[in-house]
Structure formats: C-alpha cells, structure tokens
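Here is a friendly walk through a two-chain model, meant to be read with the viewer open beside you.

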Amino acid sequence: MSNKFDELKLTGNLPSPSGVGMAILRLTQSDDFSAEELARTIQSDPALTGRIVKMSNSAQSAGVKTISTVSDAVVRLGVRAVRNVALGFSLVSAFRKGKCEAFDYGKYWSDSLARAVAAQTLSRELRLIVPSEAYICALLSGIGRLALASVHPRAYSELLRRVAGLSEVDLAAGEREVFEIDHFEVAEAMLKDWRLPDSHALAVASYARPVHETVSLDKTAARLCTVLRVATPIARILLAENDAHHFHWPAFESALKLIDIDRARLCAACDGIAAEWRDWGKVLSVPTQSAPPFAEIAQRASESPTAGAQPAAAVLVNDIDPTAAPQEAEEEALAKLTVLAVDDDPISLKLLVTHLARQGYEVMQAANGTQALAMALERNPHIVVSDWMMPGMDGIELTRSLRKIEIGRDMYILLLTGREEEEQVVEAFDAGVDDFVSKPFNPRILLSRVAAGERLVRLQVRVAGDKAKMEQQVAQLAVLNRKLTTTTVTDALTSLPNRRHAMQTLEQAFERRDPGKADQLSLIMIDIDHFKKVNDEYGHDAGDAVLCELANVLRGLLRRQDTVCRLGGEEFIVVCPGSDAAGAAAVAERLRKGVASHRIRHGRFDRSVTCSFGVAQRTPLMQSHEALLKAADVAVYEAKEAGRNRVCVAPLA
Amino acid sequence: MNDQNPSDTSTEDVGTALDMSVVASLKELGGEDDPGLFTDLVETFLADTPQRVRAIETAARDADAEGLMKAAHGLKSSAANLGAARLSALCRELEKAGRGGALEGVDRMAARLVKEYAAAEKALRQASAT
C-alpha cells in the first residue's frame, strides 16, 4: 500500500497544508520543538489564532474558564493536539476548490466539519476520548477522497459520476478498481505522513469496515472508530437536503448500538452539534445549513414507512450536481509578475524592493525566511529573490521548503550570495535554487537576472494549458504503473533506486556543470565477486538474500550526497557528485571493507561476499554520462583481473 | 558609544568614509518618484546600526565568535549598500575572523569600527542633507 501512496505523493498533487500550516509541519517534524515556538508560529496567522482559541474553548465542558490566547490553548489542549488542529485548519483554507469537476469541495468540507464537531461532542458526552483528538481525526477522516480528487481530477470525476448514489464502501471498491488504492488507505498513509498519532491513521482506515473486523484495534483507535461511526451518519443527517433528514435516521439508529446514551440526551447533544457546526462554518468559511430538531427527525423517521429506503444520490456526500458548470481553467492574467523579496537587513530589503518595483514588478516583502515561506504559500509569487544568510530559516532552507510543495515548484528562485557562500553553491543548486546574484548586488545585473527568470515564468504560463493535459496523462500513467507490478524507479528486490533511476541521476549530475571547484563528479561501479557461484551452489533465494543484504550495507556506509542504485544482476553503482576520483576511491575502499567484513546468513549460506570496485571521474573529454559509465566499467574489469575484492581507479585521461 | 570620542573623527576620515558614486546612484534611484528614498535609507541605517556596533563590540570583548560573525554579517551588507565601503570592509574582516574563530586583534578592529561608524554617520548625515 505504501508504494502506491508514494506514487501518489510523487505526482506532487497531494493536498498539503499551506502557509502557517506548512511552517507548523516543519517546526514539528522534529520531536524537540517547544510549546512557545509552536504558539509563536500560530500567532503569525491571526485567523488561525482565533480558530485555535475557539477550538480550545469549545472542546471544554461548560463552566471551565474561557481562554483567549494561543499559549493558553497549548497548555489546555497540549502541544500535539494544537499542532494537529492547526494543520487541519490550514488544509481547509487551502483546498476550497479544485480541478475535479464532480467533486463538491464545499460539501466535502461541510461534511468533514460536521463529522468533526459531532465527534468532538460525542467524545465529550461519552468521555470516550480526548475531544480535540476526535475533532481532528474526524475532520481528516475523508481526506483520502480529497487526495484522489486532487491527483486524478478527471478519472475521479468519472468514477464519482458512475457510483453516484452508492455508499462510501462502494466508492472505495470503485477506487481500488481504477486506482489500485482506496481513499481509506490514502487517508491512513497521509495521516501517518503528517505524523498524526497511529491511532488516528488506523481509525480513518477502519471506521467504514464492519465492527467484527476491527475488534483487534488498540483501545484508542477502537474508540476513535466508534466515534467516527456515529459521527458519520449525524453529518449525513445535517447535510441532507429537501427535508430528507429522516431518511438517514436508520443508519444513525444502527450506529447508536455502539454507544450507551439515552435518547433525550442524545437528541439534545445532536442539536448542540448542529448549532456548533453552523458556528464553525462561519469561522472557517465552510457552507452549512440549518436542520430541524433531532427529536422531530426521529419522530418523522418512526412515522415514515419508507424510511428504510435510502433516497438515491443522498448517501454519498460528493454526488454530482448536474447543474454545476465545469470550472473554467484558470487563465492567469500576466500583465505584472509578482516578486517576493526577502532579506533580514532592512536597507538591503528596501533597495531590493525599490529596484524591483521600479522595473514594474508587483513586489511583496518579507524580513525573514519563515515569514517568506508563509507569504509565498499564501500569495504564490512568480519569482522569489532572497538573501542567503538570514537568522532562523535561511535562503537555502526556504528554497528546500518551497520545492517540497506543489506551488513552490514553479517559482523562480534567485539567491543573493555573499563571497563567503560561493563555495556552497552546489548545495544551493541541489536545494533547488535557479540562479545567483552576488552581494552587494549591481542593480543592472540583478534586474537582468530577474528578467531571465521572468522569461521562464512567462513560458511556463504559456505551456500551463499543455501542462494540465500532461499532468493528466502523467496521472494516468501512474495508474498504469501501479497496475504493472514493477514500480518505475525502485528495484523491487532491494528497494534501491533501479537502473532507470540510476541513469537519470547520473545523466543529470553529468550535465550539471557548476562554476568553481565543486565541478566534479565521480562514479563507483560495484560488481559482486563470484556471484554466480552463490546462485548455483545455494540457490536463487540465497542469491536474492545476498543482494538485499549488500544493498543495506552499501546504503548504510554512504555519505549523504551519494546515491547508490542497482543496475541489475549483481551490479550496483554509486553516483558521487562533488567528489574527485580520490574522494570516491576512499568511499569505495570503505564500502569494500564494509562488505567484506559483513557476514550474510541465509539457509546454508553463511559467509561474507566480496566485490570489485571501479572508480572513474568525469573528465573534460567525456562527451556524455555513458563515457563515464564506460570508464568505471573498465576499472571494474581491471579490479577483477587483478584478483577481485579491490578498488581500481580509471586513469584521468 | 559612538558619541564618546567624536573629536577623534577627523574631517579627512569623514570625507572618505563614503563612496559618493554609490550615494549618487541611490539618490538617482529615488529620483522624482521617491525623493525621500535616500534619507529613509540613511535614517533606517542610523537607527539600526548603533545596536549592531554595540553587538560587535560585545562579541569581540567576550570572544563570542558566532555572535561576532552574525552581527558583522548584518552590518556588512547595509554599510556596503549605502556606500560606506571602509566600514563594510572592516565588517567583512570581523565576520571572517568570527567565522574562522581567529579572534586575535578583534577588539582593536572593533574599536576601529566604532570610529569608522562615527565617520560614516557624519558623512551620511551630510550627504542626506544636501
């Protein structure tokens, strides 16, 4: 399942938190962030601050002191809960609309919010689980649907039309047929990816399954499941149209068997949920509607003989509205490009802004990396011109963070560098920087570099239409790939990048010629000695075990900048950007020793293996990466000839 | 701090503290659209810098290499932007010293920086008044 999710992730179109949400995700990626840091990050967004404070007040029973600051909210709810809620809210604001025509984004969030509020209230009433945890788990319980709609807008539209009127479980079956993965699995993987608690991920994966199939869940996950199972029909009732609320009562009634609550208290709680849902809808700008009192709905359900029959098109929250016009492709008005200027020094920033504005760009500014990231995600500039060295998040980290998310991928990023940073340009290019200008900048040079970026941006916009088509094809291709058992870039046996990936990496590294001394590239080719004997004497199982073990050993011994791939058979290569032959030979020697001293056990097989290593460095005479590959290959051959288990370096000719 | 020995700042130092071509280009940049640009920049600079100079002095005195590097880095680019070339060059040396941890003589450099800033301040005020 995780492989399939990784492929979805590779498309770059999975929903991800925006602005402050992203900053929070970054901050909390490590385990040692402080409550104050979190509170500070949240406070940089006033809207989010208000929502968090409201959240922490509504999660409490009446009579508890009302709080008014994020810091108090963190104290009351706990750091993790606040983090999770903030993430959820930032998703709501980032995905109000999208490209999947049959997916009703407003209704999706309306439903999610109703589930969240219902789950929170139920948790409080039943004292089953921490209310804020139930809230966030329910808010994200349908995120897999949003994800599939984002990654495969057209195919998901078709599917939604096909299954309109069927249940969420039927939708999931359709999803597996078309995408080889369903929205429950996607949601589970996404929650894990965002480091929400495992119990949340398990609950969103399992709540739609029959109760007897989920008895083995741990206590928290099981309770969350229960809450979701009751919250889901409540949300359906709340979202029902045309006075059809009571049609959904039977599903609710059967879910109620899971909990212990008397009827009067339940109806009061549900009316509370309805009111709170509308309230939250206003806060988050999510559409809601009013519903009759639940006691009344229950009464009508018991009177109506047709109550058991579900009206068509009422079960799935995202069924199509045939009258909805397809969304127009967004035509970007490009009279003026927007540029985000980032510098911690106020003088430099002011000059930068003045020069850019004089040139006719629409300029926004940020005084540090964190602020810049939030602003970039919020306002999506075409070009970012940033200082490199800044306290806190520097220009490189800013670039890395932007490149990780979809909208940041197309931005043209230009870094201002002082003399002392020039040695690190390779790192900067790796992080995804497009260009450099040295500081203090000469305005003419700076503006001509920005103009180069502008040409690129305009070109990108012109092909955006084609790109949308291409994206769709890519998404279809990804489906196809998932259907084929082999994945595109990973070697199935060892999980190392495969030959295809190896050739791409090598070619890209080969073509990249950076100025300065960092312009070096070396390659290590590795061939297992007498591997055929292993296969012949111990069987292919043992051979496979050797390959896997070897892959692990190699992976563990490499430097961060090096990439190891399996070419096929018993051949591996390591791409070493920034290394000369001597450096790569040292790495190869380390690998050689590591491999030779690692004992591999598999059945009768119980010994170490050795490898022959060929090292080659890129020289000016080499026309392409294939020449480099060839040189390394020759060096391996020499190592074999010279008696194996050794490193040979190709001559620098 | 920079007011302690104003008499030390000779007229000659003030006269060469600024690269007047930078000043001219900044004034030209402001032009008719934003005639106050240069004055604004100078005011921002004069408001921020004493604190930075103090931070450099403190870091030099306490042999705080990282603090020295950071404070000097910040001042280096603003000084260069306004044409205070000597001040900027001095910051560059201090930054380098901080980066390399080679702190011998940084207190003397910091003392020179105080004087150099005093000269740059005077020159900037003059340039901004004309």
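The notes below go from the overall build of chain A to its interface with chain B, and then to a few single residues.

This is a predicted model, in which local features need pLDDT of at least 70, side-chain atom pairs count only at pLDDT 80 or more, and totals for chains, interfaces and linings use all residues; side-chain values use heavy atoms, leaving out hydrogens and water. Residues are numbered from 1 along each chain as its sequence is written, while chains are lettered from A and ligands numbered from 1 in the order in which they are written.

**Chain A overall**

Chain A holds 29 helices and twelve strands. These elements are DSSP runs numbered from the N terminus, with helices being H or I of at least four residues and strands being E of at least two. Of its 653 residues, 52% count as buried. Here buried means under 20% relative accessible area, exposed means over 50%, and partly exposed lies in between (1.4 Å probe, protein chains only). A contact means heavy atoms within 4.5 Å. Among contacts in chain A between residues at least 6 apart in sequence, 69% join residues at least 24 apart.

**Where the chains meet**

At the interface, 15 residues of chain A are in contact with 23 residues of chain B. Together the two chains bury about 1700 Å², with 61% of that on carbon and sulfur atoms. A:Ile347, A:Leu351 and A:Arg358 supply 33% of the area that chain A buries against chain B, more than any other three residues. Buried area is the accessible area (1.4 Å probe) that two parts lose on being put together, summed over both.

Two salt bridges are counted between chain A and chain B. In a salt bridge, a side-chain nitrogen of Lys or Arg is within 4 Å of a carboxyl oxygen of Asp or Glu. B:Arg52 and A:Asp345 form a salt bridge through their side chains, at 3.2 Å from N to O. The side of chain A that touches chain B has five nonpolar, three polar and seven charged residues. In this scheme Ala, Val, Leu, Ile, Met, Phe, Trp, Tyr, Cys and Pro are nonpolar, Asp, Glu, Lys and Arg are charged, and the others, Gly among them, are polar.

**Three helix residues in chain A**

| Residue | Helix | Relative accessible area |
|---|---|---|
| A:Asp72 | helix 5 (residues 70-77) | 33%, partly exposed |
| A:Ser150 | helix 9 (residues 143-151) | 18%, buried |
| A:Arg229 | helix 14 (residues 219-239) | 12%, buried |

What does the side chain of A:Ser150 reach? The partner is the backbone oxygen of A:Leu146, at 2.8 Å. Leaving aside neighbours within four places in sequence, A:Ser150 is in contact with A:Asn13 and A:Pro15.

The side chain of A:Arg229 reaches the backbone oxygen of A:Arg209 at 2.9 Å. Not counting residues up to four places away in sequence, A:Arg229 touches several residues, including A:Tyr207, A:Pro210 and A:Leu258.

For A:Asp72, the C-alpha atom is separated by 8.8 Å from that of A:Ser56, 16 residues apart along the chain.

**Cysteines**

How many disulfides are there over all chains? The count is zero, a disulfide being a pair of cysteine sulfur atoms within 2.5 Å. The sulfur of A:Cys137 has its closest cysteine sulfur in A:Cys225, 8.1 Å away, so the two are too far apart for a bond. A:Cys137 counts as buried at 0% relative accessibility, and A:Cys100 counts as buried at 1%.

Methods:
Polar contact = N/O pair within 3.5 Å; in protein donor to acceptor, adjacent residues only side chain to side chain.
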